[in-house]
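The following note sets out some remarks on the aromatic side chains and the overall fold. Please read the points alongside the coordinates.

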Amino acid sequence: MIKFLLIALATLFPQMLFAADVGIPAVNFSVGDDGSQSYSVTIQILALMTMLTFLPAMVMMMTSFTRIIIVFAILRQAMGLQSTPSNQVLVGLAMFLSFFIMSPVLEEVNRVAVQPYISEELAPLQAVKAAEGPFRAFMMAQTRESDLNLFLKIADVPDLNSAADVPFTVLVPAFVTSELKTAFQIGFMLFIPFLVIDLVVASVLMAMGMMMLSPVIISLPFKIMLFVLVDGWAMIVGTLATSFKV
């Protein structure tokens, strides 16, 4: 079977036999007039494909996605709905809401980094450095000073002159810590009205002697009705969208 496949490939694609001796250079770069280095297309594609493996982590740790998905998860738990909306729906909504919130940042990255790189005005490393600026400004606006000082102290970073001097390795964990704290604060505020409904329903059932009936079953329709009457999804999505400083 293997011999048959080799014969078929040699018959259909004879140019592959002659291309075997043609090698692709492992590293090929040129130095510009200003001292910048530009790598060959194959190396750039390899670097791009490698960076794509870190894309999920970058989306979660450097954008508004973390705060949004945690608030949605806490909301579902507060309403007593275990699998509705499903995880796919929540992640999809959080993703597109993150694109909406991050659109000014992404447009700035496109202006200062992507388009100059496409027009060959910037080298790859210069484009990455330029793209770091808008993300740094966004994360600094959301990061609490106490969290930033904590990680600066842990990393033993000396006194800094400006926010631009904060190392990226310090800014990212400080930003994520602040996002988690903010998400849990919003989740706590969401839990209170649903908790009140649970307490009222449990007290009424206890007074009626229906101790064997689960309060969750009775309170769930009331919580859904309250959420619909106050237009809860629009309220929460709007609050999340306006809670970010862009």
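1. Ring pairs join F72, F194, F227 and W233 into a cluster. The model is a predicted one, and the remarks here should be read accordingly.

2. Within this cluster, F227 and W233 make an edge-to-face pair, with 5.5 Å from centre to centre and 90° between the planes. The two partners may be set side by side: F227 is buried, at a relative accessible area of 8%, whereas W233 is partly exposed, at 34% relative accessibility.

3. In total, the structure contains six aromatic pairs. One of them is F138 with F244: the ring centres lie 6.2 Å apart and the planes meet at 20°, so this pair counts as stacked. F138 belongs to helix α7 (residues 124–142) and F244 to the segment after α11 (232–242), so the pair ties together parts 106 residues apart in sequence. Both F138 and F244 are buried.

4. F244 has a further neighbour in R67, which lies over the face of the F244 ring, at 3.9 Å from the ring centre.

5. As for the fold, the chain has 11 helices and two strands. Along the sequence, their order is α-α-β-β-α-α-α-α-α-α-α-α-α. Of contacts between residues at least 6 apart in sequence, 68% join residues at least 24 apart.

6. On exposure, 27% of the 246 residues of the chain count as buried. The accessible surface of the chain is about 16,100 Å², and carbon and sulfur atoms account for 72% of this area.

Methods. Residues are numbered from 1 along each chain as its sequence is written. This is a predicted model: local features need pLDDT of at least 70, side-chain atom pairs count only at pLDDT 80 or more; totals for chains, interfaces and linings use all residues. Side-chain values use heavy atoms; hydrogens and water are left out. Helices (H or I, at least four residues) and strands (E, at least two) are DSSP runs, numbered from the N terminus. Buried means under 20% relative accessible area, exposed over 50%, partly exposed in between (1.4 Å probe, protein chains only). Contact means heavy atoms within 4.5 Å. Accessible areas come from the Shrake-Rupley method with a 1.4 Å probe; for residues, only the protein chains shown count as cover. Rings of Phe, Tyr and Trp (its six-membered ring) pair if their centres lie within 6.5 Å; planes under 30 degrees apart count as stacked, over 60 as edge-to-face and the rest as tilted. A charge sits over a ring if NZ of Lys or CZ of Arg is within 6 Å of the ring centre and within 35 degrees of the ring normal.
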